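Visitor: I would like to know the reasoning behind the labels people put on a structure. Could you walk me through this one?

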Amino acid sequence: MQLTYLVTGAAGFIGNFVSERLCQAGHKVIGLDNLNDYYDPALKDARLARLEQYPQFTFKKLDLADREGMAQLFAESGFDRVIHLAAQAGVRYSLENPFAYVDSNLTGMMTILEGCRQNNIKHLVYASSSSVYGMNTKMPFSTEDGVNHPVSLYAATKKSNELMAHSYSHLYGIPTTGLRFFTVYGPWGRPDMAPFLFTSAILEDRPIKVFNHGKMLRDFTYIDDIVEGVIRIQDVIPQVDDNNPRTSPDSSSAPYRLYNIGNNEPIELSRFIEAIESAAGKKAIKEYLPMQPGDVPATYADIDSLQQATGFKPSTTIEEGMQKFVDWYKEYYNA
Ligand code: NAD
(Lines give C-alpha, C1' and ligand atoms only; values in the text may rest on other atoms or scores of the structure.)
Protein backbone atom coordinates (compact mmCIF):
# COMPACT_ATOMS: atom_id res chain seq x y z
CA MET A 1 0.00 0.00 0.00
CA GLN A 2 1.37 3.39 -0.95
CA LEU A 3 1.58 5.76 2.02
CA THR A 4 2.35 9.47 2.15
CA TYR A 5 5.28 10.30 4.43
CA LEU A 6 6.62 13.57 5.77
CA VAL A 7 10.38 13.21 6.27
CA THR A 8 11.95 16.21 7.98
CA GLY A 9 15.66 16.78 7.48
CA ALA A 10 15.52 15.22 3.99
CA ALA A 11 18.63 17.16 2.91
CA GLY A 12 20.42 15.96 6.03
CA PHE A 13 22.45 12.78 6.30
CA ILE A 14 19.99 10.27 7.78
CA GLY A 15 16.80 11.86 6.37
CA ASN A 16 18.22 11.67 2.87
CA PHE A 17 18.79 7.91 3.01
CA VAL A 18 15.47 7.26 4.76
CA SER A 19 13.66 9.25 2.03
CA GLU A 20 15.44 7.23 -0.64
CA ARG A 21 14.44 3.91 0.92
CA LEU A 22 10.79 4.98 1.22
CA CYS A 23 10.74 6.07 -2.44
CA GLN A 24 12.30 2.75 -3.47
CA ALA A 25 9.49 0.99 -1.59
CA GLY A 26 6.96 2.96 -3.69
CA HIS A 27 5.81 5.47 -1.06
CA LYS A 28 5.14 9.16 -1.62
CA VAL A 29 7.61 11.34 0.30
CA ILE A 30 7.48 15.04 1.06
CA GLY A 31 11.00 15.90 2.23
CA LEU A 32 11.30 19.03 4.35
CA ASP A 33 14.45 20.97 5.19
CA ASN A 34 15.41 24.61 5.79
CA LEU A 35 18.81 24.03 4.14
CA ASN A 36 20.59 25.94 6.88
CA ASP A 37 24.33 26.60 6.70
CA TYR A 38 25.39 24.79 9.89
CA TYR A 39 27.56 22.80 7.48
CA ASP A 40 28.31 22.96 3.75
CA PRO A 41 24.98 23.67 1.95
CA ALA A 42 26.48 22.25 -1.29
CA LEU A 43 26.56 18.81 0.36
CA LYS A 44 22.86 19.15 1.22
CA ASP A 45 22.07 20.15 -2.38
CA ALA A 46 24.04 17.16 -3.67
CA ARG A 47 22.15 14.82 -1.34
CA LEU A 48 18.82 16.22 -2.58
CA ALA A 49 19.96 15.71 -6.18
CA ARG A 50 20.20 11.97 -5.39
CA LEU A 51 16.42 11.98 -4.84
CA GLU A 52 15.54 13.71 -8.13
CA GLN A 53 15.28 10.35 -9.90
CA TYR A 54 12.20 9.43 -7.79
CA PRO A 55 9.03 11.04 -9.19
CA GLN A 56 7.18 10.45 -5.91
CA PHE A 57 9.66 12.63 -3.97
CA THR A 58 8.82 16.32 -3.47
CA PHE A 59 11.13 18.74 -1.70
CA LYS A 60 9.70 21.46 0.53
CA LYS A 61 12.01 24.19 1.83
CA LEU A 62 10.55 25.23 5.16
CA ASP A 63 11.71 26.00 8.70
CA LEU A 64 10.23 23.79 11.40
CA ALA A 65 9.82 26.82 13.63
CA ASP A 66 7.51 28.50 11.05
CA ARG A 67 4.24 27.69 12.82
CA GLU A 68 1.85 28.86 10.10
CA GLY A 69 3.91 27.26 7.32
CA MET A 70 4.03 23.95 9.17
CA ALA A 71 0.31 23.98 9.98
CA GLN A 72 -0.48 24.68 6.32
CA LEU A 73 1.85 21.93 5.08
CA PHE A 74 0.19 19.38 7.35
CA ALA A 75 -3.32 20.53 6.44
CA GLU A 76 -2.78 20.35 2.68
CA SER A 77 -0.58 17.24 2.40
CA GLY A 78 -2.62 14.40 3.94
CA PHE A 79 0.37 12.66 5.56
CA ASP A 80 -0.17 9.13 6.83
CA ARG A 81 3.08 9.03 8.77
CA VAL A 82 5.78 11.40 9.91
CA ILE A 83 9.50 10.69 10.31
CA HIS A 84 11.03 13.66 12.11
CA LEU A 85 14.79 13.76 11.60
CA ALA A 86 15.47 17.50 11.20
CA ALA A 87 17.27 19.08 14.13
CA GLN A 88 20.07 21.35 15.04
CA ALA A 89 22.64 18.65 15.69
CA GLY A 90 26.11 18.72 17.21
CA VAL A 91 27.28 18.99 20.80
CA ARG A 92 30.06 21.57 20.52
CA TYR A 93 28.06 24.06 18.39
CA SER A 94 25.44 24.21 21.17
CA LEU A 95 27.98 25.88 23.42
CA GLU A 96 28.12 28.90 21.06
CA ASN A 97 24.63 28.97 19.49
CA PRO A 98 22.14 27.90 22.16
CA PHE A 99 19.06 29.51 20.61
CA ALA A 100 19.44 27.59 17.35
CA TYR A 101 18.66 24.48 19.45
CA VAL A 102 15.60 26.01 21.05
CA ASP A 103 14.18 27.08 17.67
CA SER A 104 14.85 23.91 15.69
CA ASN A 105 14.64 21.25 18.38
CA LEU A 106 12.00 22.55 20.79
CA THR A 107 9.73 24.82 18.73
CA GLY A 108 10.38 22.47 15.80
CA MET A 109 9.24 19.41 17.77
CA MET A 110 6.18 21.34 18.88
CA THR A 111 5.06 22.16 15.31
CA ILE A 112 5.47 18.46 14.46
CA LEU A 113 3.45 17.29 17.46
CA GLU A 114 0.71 19.85 16.77
CA GLY A 115 0.63 18.85 13.10
CA CYS A 116 0.23 15.21 14.16
CA ARG A 117 -2.50 16.08 16.65
CA GLN A 118 -4.55 18.13 14.24
CA ASN A 119 -4.23 15.78 11.29
CA ASN A 120 -4.72 12.36 12.85
CA ILE A 121 -1.25 11.08 11.96
CA LYS A 122 -1.02 7.29 12.37
CA HIS A 123 2.62 7.10 13.53
CA LEU A 124 5.28 9.68 14.45
CA VAL A 125 8.86 8.38 14.51
CA TYR A 126 11.40 10.95 15.68
CA ALA A 127 15.13 11.15 16.31
CA SER A 128 16.48 11.21 19.80
CA SER A 129 20.14 10.63 20.63
CA SER A 130 22.55 8.57 22.70
CA SER A 131 23.63 11.92 24.18
CA VAL A 132 20.60 11.77 26.52
CA TYR A 133 22.54 9.17 28.54
CA GLY A 134 25.04 11.84 29.58
CA MET A 135 27.71 10.53 31.93
CA ASN A 136 25.81 7.26 32.41
CA THR A 137 28.33 4.56 33.33
CA LYS A 138 26.00 1.54 33.41
CA MET A 139 26.92 -0.37 30.24
CA PRO A 140 25.30 -1.05 27.87
CA PHE A 141 22.92 1.92 27.89
CA SER A 142 19.32 0.79 28.27
CA THR A 143 16.11 2.71 27.60
CA GLU A 144 14.87 1.14 30.85
CA ASP A 145 17.33 3.30 32.81
CA GLY A 146 15.87 6.68 33.61
CA VAL A 147 18.37 9.28 32.40
CA ASN A 148 17.82 12.83 33.53
CA HIS A 149 21.20 14.53 33.51
CA PRO A 150 22.06 15.61 29.95
CA VAL A 151 25.49 17.25 29.82
CA SER A 152 24.99 19.46 26.74
CA LEU A 153 22.16 21.70 25.60
CA TYR A 154 21.82 19.53 22.49
CA ALA A 155 21.23 16.50 24.72
CA ALA A 156 18.78 18.47 26.86
CA THR A 157 16.68 19.31 23.78
CA LYS A 158 16.68 15.66 22.68
CA LYS A 159 15.58 14.51 26.13
CA SER A 160 12.90 17.23 26.01
CA ASN A 161 11.69 15.82 22.68
CA GLU A 162 11.08 12.48 24.36
CA LEU A 163 9.14 14.14 27.18
CA MET A 164 7.07 16.23 24.75
CA ALA A 165 6.30 13.11 22.69
CA HIS A 166 5.25 11.28 25.83
CA SER A 167 2.85 14.05 26.83
CA TYR A 168 1.24 14.16 23.37
CA SER A 169 0.98 10.37 23.23
CA HIS A 170 -0.60 10.38 26.65
CA LEU A 171 -2.96 13.33 26.14
CA TYR A 172 -4.08 12.73 22.56
CA GLY A 173 -3.31 9.08 21.87
CA ILE A 174 -0.78 9.89 19.11
CA PRO A 175 1.41 6.82 18.47
CA THR A 176 5.03 8.00 18.86
CA THR A 177 8.32 6.16 18.63
CA GLY A 178 11.59 7.81 19.64
CA LEU A 179 14.85 6.39 18.32
CA ARG A 180 18.05 7.12 20.22
CA PHE A 181 20.68 7.09 17.46
CA PHE A 182 24.28 6.18 18.31
CA THR A 183 27.00 7.97 16.23
CA VAL A 184 25.86 7.38 12.66
CA TYR A 185 28.44 7.36 9.84
CA GLY A 186 28.79 6.41 6.18
CA PRO A 187 28.94 7.91 2.69
CA TRP A 188 27.34 11.40 2.48
CA GLY A 189 27.94 11.72 6.23
CA ARG A 190 28.16 14.89 8.27
CA PRO A 191 31.21 17.17 7.91
CA ASP A 192 31.04 18.11 11.62
CA MET A 193 31.53 14.52 12.83
CA ALA A 194 34.72 12.58 13.56
CA PRO A 195 34.57 10.11 10.60
CA PHE A 196 34.52 13.04 8.16
CA LEU A 197 36.92 15.33 10.06
CA PHE A 198 39.48 12.60 10.63
CA THR A 199 39.31 11.30 7.06
CA SER A 200 39.80 14.73 5.50
CA ALA A 201 42.68 15.54 7.86
CA ILE A 202 44.44 12.21 7.26
CA LEU A 203 44.10 12.50 3.47
CA GLU A 204 45.43 16.08 3.60
CA ASP A 205 48.24 15.33 6.07
CA ARG A 206 46.79 17.59 8.76
CA PRO A 207 46.95 16.61 12.45
CA ILE A 208 43.80 15.14 14.01
CA LYS A 209 42.57 16.11 17.47
CA VAL A 210 42.23 12.94 19.54
CA PHE A 211 40.08 13.86 22.52
CA ASN A 212 40.30 11.99 25.81
CA HIS A 213 43.68 10.69 24.59
CA GLY A 214 42.03 8.13 22.26
CA LYS A 215 40.27 6.31 25.09
CA MET A 216 36.80 7.52 24.18
CA LEU A 217 34.36 4.70 23.31
CA ARG A 218 31.74 5.23 20.62
CA ASP A 219 29.10 2.83 19.34
CA PHE A 220 29.59 3.81 15.67
CA THR A 221 26.59 2.73 13.59
CA TYR A 222 26.66 2.42 9.81
CA ILE A 223 24.02 4.36 7.86
CA ASP A 224 22.54 1.30 6.08
CA ASP A 225 21.96 -0.40 9.44
CA ILE A 226 20.30 2.75 10.81
CA VAL A 227 18.02 3.10 7.77
CA GLU A 228 17.02 -0.55 8.08
CA GLY A 229 16.00 0.04 11.70
CA VAL A 230 14.07 3.23 10.89
CA ILE A 231 12.17 1.48 8.07
CA ARG A 232 11.40 -1.64 10.13
CA ILE A 233 9.98 0.35 13.04
CA GLN A 234 7.46 2.12 10.77
CA ASP A 235 5.04 -0.81 10.92
CA VAL A 236 5.47 -1.42 14.65
CA ILE A 237 2.85 1.13 15.65
CA PRO A 238 2.52 1.61 19.42
CA GLN A 239 -0.93 0.64 20.71
CA VAL A 240 -2.69 1.30 23.98
CA ASP A 241 -4.24 -1.66 25.70
CA ASP A 242 -8.01 -0.99 26.00
CA ASN A 243 -7.85 -2.34 29.53
CA ASN A 244 -5.25 0.24 30.39
CA PRO A 245 -6.82 3.63 29.58
CA ARG A 246 -4.75 6.79 29.52
CA THR A 247 -5.50 7.73 33.07
CA SER A 248 -2.30 6.67 34.77
CA PRO A 249 0.92 8.66 34.41
CA ASP A 250 3.18 5.81 33.27
CA SER A 251 4.30 5.16 29.69
CA SER A 252 2.43 1.87 29.36
CA SER A 253 -0.83 3.77 29.23
CA ALA A 254 0.22 5.88 26.25
CA PRO A 255 1.06 4.67 22.70
CA TYR A 256 4.65 5.76 23.33
CA ARG A 257 7.81 3.77 22.66
CA LEU A 258 11.50 4.50 22.88
CA TYR A 259 14.36 2.42 21.42
CA ASN A 260 18.11 2.54 21.16
CA ILE A 261 19.41 2.12 17.64
CA GLY A 262 23.13 1.46 17.63
CA ASN A 263 25.74 -1.08 16.67
CA ASN A 264 25.91 -2.68 20.12
CA GLU A 265 29.72 -2.81 19.86
CA PRO A 266 31.57 0.23 21.21
CA ILE A 267 34.90 1.01 19.53
CA GLU A 268 37.85 2.83 21.07
CA LEU A 269 38.78 5.98 19.17
CA SER A 270 42.21 4.49 18.48
CA ARG A 271 40.72 1.45 16.64
CA PHE A 272 38.46 3.79 14.70
CA ILE A 273 41.52 5.82 13.59
CA GLU A 274 43.31 2.62 12.54
CA ALA A 275 40.29 1.72 10.37
CA ILE A 276 40.60 5.06 8.55
CA GLU A 277 44.37 4.72 8.20
CA SER A 278 43.93 1.31 6.64
CA ALA A 279 41.10 2.47 4.31
CA ALA A 280 43.07 5.58 3.27
CA GLY A 281 46.44 3.83 3.07
CA LYS A 282 48.01 6.64 5.17
CA LYS A 283 49.08 7.23 8.77
CA ALA A 284 47.41 9.88 10.92
CA ILE A 285 49.28 12.72 12.65
CA LYS A 286 47.72 12.68 16.12
CA GLU A 287 47.36 15.52 18.61
CA TYR A 288 46.20 14.12 21.96
CA LEU A 289 43.82 16.35 23.94
CA PRO A 290 41.72 16.05 27.12
CA MET A 291 37.91 15.67 27.14
CA GLN A 292 35.87 18.63 25.87
CA PRO A 293 32.97 20.16 27.83
CA GLY A 294 29.71 18.45 26.88
CA ASP A 295 31.43 15.31 25.56
CA VAL A 296 30.82 11.93 27.17
CA PRO A 297 33.51 9.24 27.63
CA ALA A 298 31.52 6.29 26.26
CA THR A 299 28.38 5.29 24.37
CA TYR A 300 27.14 1.70 24.12
CA ALA A 301 23.65 0.74 22.92
CA ASP A 302 21.59 -2.07 24.37
CA ILE A 303 19.45 -2.92 21.32
CA ASP A 304 17.52 -5.90 22.67
CA SER A 305 14.13 -4.19 22.62
CA LEU A 306 14.51 -2.96 19.01
CA GLN A 307 15.69 -6.44 18.04
CA GLN A 308 12.64 -8.02 19.67
CA ALA A 309 10.25 -5.55 18.05
CA THR A 310 11.70 -5.61 14.52
CA GLY A 311 14.42 -8.25 14.16
CA PHE A 312 16.92 -5.39 13.76
CA LYS A 313 20.51 -6.65 13.63
CA PRO A 314 23.35 -4.31 12.60
CA SER A 315 25.81 -6.05 10.30
CA THR A 316 28.51 -3.55 9.26
CA THR A 317 31.91 -3.56 11.00
CA ILE A 318 33.82 -0.32 11.50
CA GLU A 319 36.47 -1.51 9.01
CA GLU A 320 33.88 -2.21 6.26
CA GLY A 321 31.94 0.97 6.98
CA MET A 322 34.95 3.27 7.05
CA GLN A 323 36.27 1.74 3.81
CA LYS A 324 32.95 2.70 2.16
CA PHE A 325 33.10 6.17 3.68
CA VAL A 326 36.71 6.83 2.60
CA ASP A 327 35.94 5.56 -0.94
CA TRP A 328 32.94 7.90 -1.15
CA TYR A 329 34.94 10.82 0.27
CA LYS A 330 37.76 10.38 -2.28
CA GLU A 331 35.32 10.23 -5.17
CA TYR A 332 33.10 13.12 -4.03
CA TYR A 333 35.98 15.48 -3.22
CA ASN A 334 38.25 14.18 -5.93
CA ALA A 335 40.81 13.64 -3.18
P1 NAD B 1 21.88 16.54 9.70
O2 NAD B 1 22.35 17.80 10.33
O3 NAD B 1 22.70 16.00 8.57
O4 NAD B 1 20.39 16.68 9.22
C5 NAD B 1 19.46 17.50 9.84
C6 NAD B 1 18.78 18.34 8.78
O7 NAD B 1 17.79 19.13 9.44
C8 NAD B 1 19.74 19.32 8.08
O9 NAD B 1 19.72 19.12 6.67
C10 NAD B 1 19.20 20.70 8.46
O11 NAD B 1 19.29 21.64 7.39
C12 NAD B 1 17.76 20.40 8.83
N13 NAD B 1 17.22 21.36 9.81
C14 NAD B 1 17.80 21.77 10.96
N15 NAD B 1 17.02 22.68 11.59
C16 NAD B 1 15.91 22.81 10.81
C17 NAD B 1 14.74 23.60 10.92
N18 NAD B 1 14.57 24.46 11.92
N19 NAD B 1 13.80 23.50 9.95
C20 NAD B 1 13.97 22.65 8.91
N21 NAD B 1 15.07 21.89 8.74
C22 NAD B 1 16.03 21.97 9.69
O23 NAD B 1 21.79 15.47 10.89
P24 NAD B 1 21.66 13.88 10.82
O25 NAD B 1 22.98 13.31 11.19
O26 NAD B 1 21.00 13.46 9.56
O27 NAD B 1 20.70 13.64 12.05
C28 NAD B 1 19.31 13.37 11.90
C29 NAD B 1 18.67 13.33 13.26
O30 NAD B 1 19.30 12.33 14.06
C31 NAD B 1 18.82 14.62 14.06
O32 NAD B 1 17.64 14.81 14.81
C33 NAD B 1 19.97 14.35 14.99
O34 NAD B 1 19.89 15.14 16.16
C35 NAD B 1 19.77 12.88 15.27
N36 NAD B 1 20.99 12.18 15.64
C37 NAD B 1 21.99 11.99 14.73
C38 NAD B 1 23.15 11.31 15.09
C39 NAD B 1 24.27 11.06 14.12
O40 NAD B 1 25.26 10.44 14.51
N41 NAD B 1 24.20 11.49 12.86
C42 NAD B 1 23.30 10.82 16.40
C43 NAD B 1 22.25 11.04 17.31
C44 NAD B 1 21.10 11.70 16.92
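Guide: Happy to, and please keep in mind that this is a predicted model. Let us begin with Met-1, which has 5 C-beta neighbours inside 10 Å and therefore counts as exposed.

Visitor: What makes Met-1 count as exposed?

Guide: The label exposed applies when 12 or fewer other C-beta atoms lie within 10 Å. Met-1 has 5, so the label exposed fits. Met-1 sits in the segment before strand 1 (4-8). Its C-alpha lies 8.4 Å from that of Gly-26, although 25 residues separate the two in sequence.

Visitor: Now the helices. Why is helix 1 called oblique to helix 8?

Guide: Helix 1 (residues 13-24) and helix 8 (residues 223-233) pack at about 60 degrees, and their axes are 10 Å apart. That angle makes helix 1 oblique to helix 8, because under 35 degrees would count as roughly parallel and 65 to 115 as roughly perpendicular. The crossing of these two helices is right-handed.

Visitor: Which residues meet where helix 1 and helix 8 touch?

Guide: From helix 1 come Ile-14, Phe-17, Val-18 and Arg-21, and they meet Ile-223, Ile-226, Val-227, Val-230 and Ile-231 of helix 8. By class, this contact of helix 1 with helix 8 has eight nonpolar residues, one charged and no polar.

Visitor: Which residues touch the most other members of the largest nonpolar core?

Guide: Val-18 and Ile-276 do, in a core of 88 residues. Helix 9 (residues 269-280) gives the most to this core, namely seven residues. Leaving aside residues up to four places away in sequence, Ile-276 touches Phe-198, Thr-199, Ile-202, Met-322 and Val-326.

Visitor: And what makes helix 9 oblique to helix 11?

Guide: The axes of helix 9 and helix 11 (residues 318-332) cross at roughly 50 degrees and come within 9 Å. Helix 9 is therefore oblique to helix 11, because 50 degrees falls between the 35 degrees that bounds roughly parallel and the 65 at which roughly perpendicular begins. Helix 9 passes helix 11 in a right-handed crossing.

Visitor: Which residues make that contact between helix 9 and helix 11?

Guide: Helix 9 brings Arg-271, Phe-272, Ala-275, Ile-276, Ser-278, Ala-279 and Ala-280, while helix 11 brings Ile-318, Glu-319, Met-322, Gln-323 and Val-326.

Visitor: How do the residues of the contact of helix 9 with helix 11 divide by class?

Guide: Into eight nonpolar, two polar and two charged.

Terms used:
Residues numbered from 1 in each chain as written. Predicted model: local features only at pLDDT ≥ 70, side-chain atom pairs only at ≥ 80, totals over all residues. Axes fitted to C-alpha atoms, helices over the stretch in contact; angles between N-to-C directions. Helix = DSSP H or I, 4+ residues; strand = E, 2+ residues; numbered from the N terminus. Parallel < 35°, antiparallel > 145°, perpendicular 65-115°, else oblique. Left-handed = near helix turned anticlockwise from the far one by under 90°. Contact = placed C-beta atoms within 7 Å. Nonpolar A, V, L, I, M, F, W, Y, C, P; charged D, E, K, R; others polar. Buried ≥ 20, exposed ≤ 12 C-beta atoms within 10 Å, placed from the backbone. Core = buried A, V, L, I, M, F, W, Y, C linked by C-beta atoms within 7 Å.
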